[in-house]
Amino acid sequence: MHEPATIPLGRRLLIGTATLALATVVWLPLVHAFFTRPAAEFHAATGVSPKARELAARHLGLWTDPALRQRELDRMRASNAEWDFMGRSFLVWSLANLGLRDPSAKTQYLDVIDRIVAETLELEAEHGMHFFLMPYSKARPYVVQPERSLFLEGEIALMLASRRLLEEKAEYVKPLTERIRIIEERLRGNPLLAAESYPDECWTFDHAVALAAIRLSDALDGTDHSALCRDWVGVARRKLIHRESGLLLSSYTLDGLALDGPEGSTIWMVAHCLQLVDEAFARDQYERARRELGRTVCGFGYACEWPASWQGPMDIDSGPIVPGLNISAGSSGMAFIGASAFGDDAFVRSLAATLDFAAFPSRKEGRLRYCASNQVGDAALLYAAVVGPLWERARTGGKR
Amino acid sequence: MIFGRLRRFKEWLRADFLSPKDLVLRALSISILFLVVHVTGLRDHTAFLCGTLADPTMSWQWAAFLGCTYLLLYFAFVLLVPILLLAAAASAALHHRLERCCR
């Protein structure tokens, strides 16, 4: 490179520092432009978005290539057995939404859904519920016996109901009715309408999923659990709200003692599930979460795990927290679900920009995965990319 | 002959701190390092961010080290390299202008 033979030191330092500062000010606000795409490329109002198609192709590939799937399962189960289970749940819910969005591929989706559901029920029957729970589920006995985990009951019920809403399957009617009966019995058996997921540990996430499953079941079978849903929301408003933020607590004991305060890894999905239970309450929770946890910096969106008024421990749900900005991988991933479900296109767009910028997409033969994520993370993203039609069908009583 | 070229290359690499050439050389070094870690597949090890090992036979510490190395070089490549190049261009233009004014 040609440059003057000697530039006086003082001038060089002054100009070098000033131009570096200027370049930083110019470049940083521009970076997002290289990653920002219209929200519809992630979550489309109708049809299947390009990103959903690529993510779905990868997951369908996992269920048609046993070696690849086993490798992915080994990776996840090494960290958390729950992820194996949740990866299945999110994928089934996603495929049900995909089938409603793209009826031409429904047969393929139904085939994979049935395989996932059948294998999940077999594993649960063979190894018991602890197979899909973290080891501390065995650390002490469940308070309510015989032991049951609302985490499993709710998500399996929602899997069965989603499948049936996409297309009726007679052999799933009884298992769904039975799961819903157990959920109702457990909830009604506690003054706070609380049921354990782990010993004396009740999770709002699992309650919201279970209530959504109940609403889907009502739409399918003509039952009416609106009183139970109304009662649960009433208790939640009175007993489960974090005073400073107005957000729902994440976990509590059967007696209502708060364990974890509001958490991003919980609240986005809770707000989405509550759309079927109490639309106004759900929207209020989403808007509060957006205000308390959602951030956009230089065009990149992300979510914190905790509001400013609550500080919890970094754990398997939050994922690593980036210091300074308080970016939580877990909360940011789940924020996609909230933003897509509530039609918050601006937030979807900025979150998707961050995803492409910092989650390291990897494309191969039309299949998309994110290197900084795993199967359950990608399945949750797929769910966010296709969310909508299933809830819509439940609202219209199981009809289009 | 090879040693002669090597010496000339080493001389060419020499640049005054914060001179335009110094900024470009730094951008070039980061780009080469990033290219190396990208081609060698370290991108997969960023899975440590979600608490998962890209290779279950690998230790957590080693996986996190590889993942962090990729992260640092990726962000340096995407954020720092353009800044260094923009600064080099602006700084070269300023030096050139000042030279002309002082003549």
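Here is a quick tour of chain A, two of its helix pairs, and its contact with chain B. Keep in mind that this is a predicted model.

**Chain A overall**

Chain A is built from 15 helices and nine strands. Its radius of gyration comes to 23 Å, close to the 21 Å given by the globule rule for 400 residues, so chain A is as compact as a globular protein of that length. If you lay the C-alpha trace of chain A along its principal axes, it spans about 85 × 50 × 40 Å. Of the 400 residues in chain A, 50% are buried. Take the contacts in chain A between residues at least 6 apart in sequence, and 70% of them join residues at least 24 apart.

**Two helix pairs in chain A**

Two packed helices are described by the angle between their axes and the distance between the axes. Here is how that looks for two pairs:

| Helix pair | Residues | Axes come within | Crossing angle |
|---|---|---|---|
| H2(A) and H14(A) | 50–64 and 375–386 | 9 Å | roughly 140° |
| H8(A) and H9(A) | 204–221 and 226–239 | 10 Å | roughly 160° |

With axes crossing at roughly 160°, H8(A) is therefore roughly antiparallel to H9(A). The crossing of these two helices, H8(A) and H9(A), is left-handed. On the H8(A) side, the contact uses A:His207, A:Leu211, A:Ile214 and A:Arg215, while H9(A) brings A:Leu228, A:Cys229 and A:Trp232. Sorted by class, the contact of H8(A) with H9(A) has five nonpolar residues, one polar and one charged.

Now for the other pair. The axes of H2(A) and H14(A) cross at roughly 140°, and these helices are therefore oblique to each other. H2(A) also passes H14(A) in a left-handed crossing. From H2(A), the contact residues are A:Lys51, A:Ala52, A:Leu55, A:Ala56, A:Arg58, A:His59 and A:Leu62; H14(A) answers with A:Gln375, A:Asp378, A:Ala379, A:Leu381, A:Leu382, A:Ala385 and A:Val386. That contact of H2(A) with H14(A) splits into nine nonpolar, two polar and three charged residues.

**Where chain B meets chain A**

Which helices of chain B each supply at least two residues of the side that touches chain A? To set the scene, 28 residues of chain B are in contact with 33 residues of chain A. The helices in question are H2 (20–39) and H3 (60–102) of chain B. H3(B) gives the largest share of the side that touches chain A, with twelve residues. By class, this side of chain B has 17 nonpolar, six polar and five charged residues.

Note on methods: Residues numbered from 1 in each chain as written. Chains lettered and ligands numbered in written order. Predicted model: local features only at pLDDT ≥ 70, side-chain atom pairs only at ≥ 80, totals over all residues. Axes fitted to C-alpha atoms, helices over the stretch in contact; angles between N-to-C directions. Helix = DSSP H or I, 4+ residues; strand = E, 2+ residues; numbered from the N terminus. Parallel < 35°, antiparallel > 145°, perpendicular 65-115°, else oblique. Left-handed = near helix turned anticlockwise from the far one by under 90°. Contact = placed C-beta atoms within 7 Å. Nonpolar A, V, L, I, M, F, W, Y, C, P; charged D, E, K, R; others polar. Rg over C-alpha atoms; globule rule 2.2 N^0.38 Å. Buried ≥ 20, exposed ≤ 12 C-beta atoms within 10 Å, placed from the backbone.
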